[in-house]
Amino acid sequence: MGAGHHHRIFRPGDSVVHRLPPECKIPALAGFVLVVVATSRECMWAFGVYALLLAGVAVAARVPAGFVLKRMVIETPFVLFAVIIPFIGLGERVEVAGLSLSVEGLWAAWNILAKATLGVVAGILLAATTEPRAMLLGARRLKVPPLLVQIAMFMLRYMDVIVDEMRRMRVARESRGFTPRDIRHLPVVARSAGALFIRSYERGERVHLAMMSRGYAGAMPMADGPGASWRQWATAAALPAAALVVAVAGSLW
Amino acid sequence: MNAPPSPSPSPSPSRSPSPSPPSLAVRSLAYAYPDGTQALYGVDLTIARGERVALLGPNGAGKTTLVMHLNGILTAGHGSVSVAGLPVRPDTVKEIRRRVGLVFQDPDDQLFMPTVRDDVAFGPANMGLRGEALDHRVKHALDRVGMLDVIDRAPHHLSFGQRRRVAVATVLAMEPEILVLDEPSSNLDPFSRRELGEILRGLDITLLMVTHDLPYALELCERSLILSGGVIAADGPTRGVLADAELLAAHRLELPYGFAPPT
């Protein structure tokens, strides 16, 4: 560890999207996702327009498609679930390539896939254009309870430390000939998880001591710049506003 | 029982023993943990302004327990601690924590903010500093440890040696009366160890260094204390303490192989 580290999801850049303050981008993402979820699944063309809107954001942010696609793996469990539904769905059925599928199930699968994909892509775009630290600042400016922001901050800071500790424990197990193969090995892995939890808890205590030593009294000081201008708010609002127009048009059709 | 501050001229300029109260005065400090384990049995020590002192002792001697008393994280079961004349008490603990800069052994415990800048600013910001003054304080502290160029990096993206130096800066930014370092040379490669030593030697500040690294103590501190079995077992010039093979052996301390005891 140490030097030579790179961000896995943040993509440094200097585009319009990168420069937007986080407190504008986070509500814009939330608004967009809400509109997408509220759109009726029968209005298929609307989802196409949403995808185009996101593609527009990606182009503006200069985030290549490959970058987004690779990170969409996180959606896989939802995709698997969505694929199963048409087979186990009830009600009216249709024949597709020799398979009997539920019509209701197909609609449900489409609904999950379309909305989850749009949500995931929007989330990836936000994360790719906003530094983790900026995200915390944004959350704070949006008046998210300070305790939650602090918890997120510590998670961000200590994620790598704990993952590294976990890796060392695995190396230590394997160096002594342990290879987890079947269910009987589970207790060993579970005990390691327990040990990791205790180690992390003790680290938490030491960090708290270090914080007390430097005068911590409940509030987390963080360097803060000026707030967002109305122009930046308007720019960020363009995405959810456009989506809303599409959704309203779709419902009137 | 403890000797007065060593009369030899301190290498740091302008901080010769003065009528001002000592940076640190510990009087018959005793402490037992809540489970009944007695860790300190009556520690007495005085550190004058500008002195650099090594606190040596085997594992389990009570070094960490003593350090925790210096800034009021633990409060004395018996006896007293005062920093530049101010006694450590619940009502003074805020000012005490500004005056005593504690550098912990694992920099990952000390650096908990998302960037180096935020982390170094944490202490002074808690003291009420804001804006320009805060920014200046942060940059000055990082400059003193030669880490100004990593100001916007995340702590977990730094090398171990860099993290240790930034940890020192986080404490320097509070402009403490005394800097207390817990095992500053642990886990450092020889190069980083020497670099840190040069930085510490260049600081014009009272310094208490807890260590088993006897050559490091000899290099940086003119005076050494041995804490053993919860009491101060020896107090004198580092050179003399390290030359006393019997004393070292009696307290489970050893010079590294091939290291000639100073004469």
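Which residue of E8(B) does Leu56(B) stand opposite? In this predicted model, the residue facing Leu56(B) is Thr211(B). The two strands concerned, E3 (residues 52-56) and E8 (residues 206-211) of chain B, pair in the parallel sense, and five bridges join them.

This pairing belongs to a sheet of six strands in chain B, which is open and follows the order E6-E7-E8-E3-E9-E10. The pairing within the sheet is mixed. Strand E6 (100-103) and strand E10 (231-237) of chain B form the edges, each pairing on one side only. On average, neighbouring strands of the sheet are turned by 20° against each other, direction ignored. Helix H1 (residues 63-70) of chain B lies across five of these strands, namely E3, E6, E7 (178-182), E8 and E9 (223-228). Relative to E7(B), the helix runs at about 150°.

Chain A contains 10 helices and two strands. Along the sequence, these elements follow the pattern α-α-α-α-α-β-β-α-α-α-α-α. The C-alpha trace of chain A spans about 65 × 55 × 30 Å along its principal axes. The radius of gyration of chain A is 23 Å, whereas a compact globule of 253 residues would have a value near 18 Å. Of the 253 residues in chain A, 25% count as buried. Among contacts in chain A between residues at least 6 apart in sequence, 79% join residues at least 24 apart.

Note on methods: Residues numbered from 1 in each chain as written. Chains lettered and ligands numbered in written order. Predicted model: local features only at pLDDT ≥ 70, side-chain atom pairs only at ≥ 80, totals over all residues. Pairing = 2+ DSSP bridges. Helix = DSSP H or I, 4+ residues; strand = E, 2+ residues; numbered from the N terminus. Axes fitted to C-alpha atoms, helices over the stretch in contact; angles between N-to-C directions. Contact = placed C-beta atoms within 7 Å. Rg over C-alpha atoms; globule rule 2.2 N^0.38 Å. Buried ≥ 20, exposed ≤ 12 C-beta atoms within 10 Å, placed from the backbone.
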